[in-house]
Amino acid sequence: MRPRSPCSVSAALAASIFLLGAAQAQVNPLCGGQGLSPEDNQLLFERVGRLNAAEPASPVRAAQPAAPAQAIQLADGTWTVQGTRIPGSRRCGEWLVRLTNKGDQLSGVVSQARSTVPIQNLVLTPDGRFSGTTPERLVGSNRAPASKVIGQFWEDAVSLIFESERCPASQGTATRHPASG
């Protein structure tokens, strides 16, 4: 440790004496001491009296939660989203997701590896988001891996992400084809 000059020690001692004196001059009515002057005491009681006589402030309203998203009205029809083969991959071929809405009942299928599997647990939320899964399925000598479909409808379009257990996620969009007859 470096020795301090007598000048800096004197300055530190003077500052601490000054701060100690200032701290003692502060008023703390709970610890005895001189307390408030009669004028300050009178002012304190007058202000407390004015506060007590004033009408209570109206309670602050709690922040209102954001309005829920408008519920989407999904028209009857079919949306067909196609995905392309991943270049250089033998296992990640073309896929197709077909979603159908008829009378507010959404259903769908996934086609891949020459097999078509119904989408299970297909859930549509009021804001148009949806998700569903397909189990692994063996059709002949072709194995269709388990997959997941997530997406969102807006107006007459759909955007989705297709995730297969053996291939990276890919996305696609489609426009509604009106229901026939």
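Select W95: this residue is buried, at a relative accessible area of 5% (buried means under 20% relative accessible area, exposed over 50%, partly exposed in between, with a 1.4 Å probe and protein chains only). The model is predicted, so local features need pLDDT of at least 70 and side-chain atom pairs pLDDT 80 or more, while totals for chains, interfaces and linings use all residues. Residues are numbered from 1 along each chain as its sequence is written, and side-chain values use heavy atoms, without hydrogens and water.

Next, display F162, which counts as buried at 3% relative accessibility.

Now show strands β2 and β3 (strands are DSSP runs of E, at least two residues, numbered from the N terminus). Strand β2 (residues 95-102) runs antiparallel to β3 (residues 105-112), and 8 bridges join them. Q112 in β3 is the bridge partner of W95.

Widen the selection to the open sheet of 5 strands, ordered β4-β3-β2-β1-β12 with antiparallel pairing (two strands pair if DSSP finds at least two bridges between them). At its edges lie β4 (115-118) and β12 (177-178), each paired on one side only.

Then turn to the aromatic rings. There are 3 aromatic pairs (rings of Phe, Tyr and Trp, the last by its six-membered ring, with centres within 6.5 Å; planes under 30 degrees apart are stacked, over 60 edge-to-face, the rest tilted). W79 and F153 pair edge-to-face, at 4.8 Å centre to centre and 65 degrees between the planes. Because W79 lies in β1 (residues 77-83) and F153 in β9 (residues 147-154), this pair ties together parts 74 residues apart in sequence. Both W79 and F153 are buried. Finally, add F130, which forms one aromatic cluster with W79 and F153.

Key. Helices (H or I, at least four residues) and strands (E, at least two) are DSSP runs, numbered from the N terminus.
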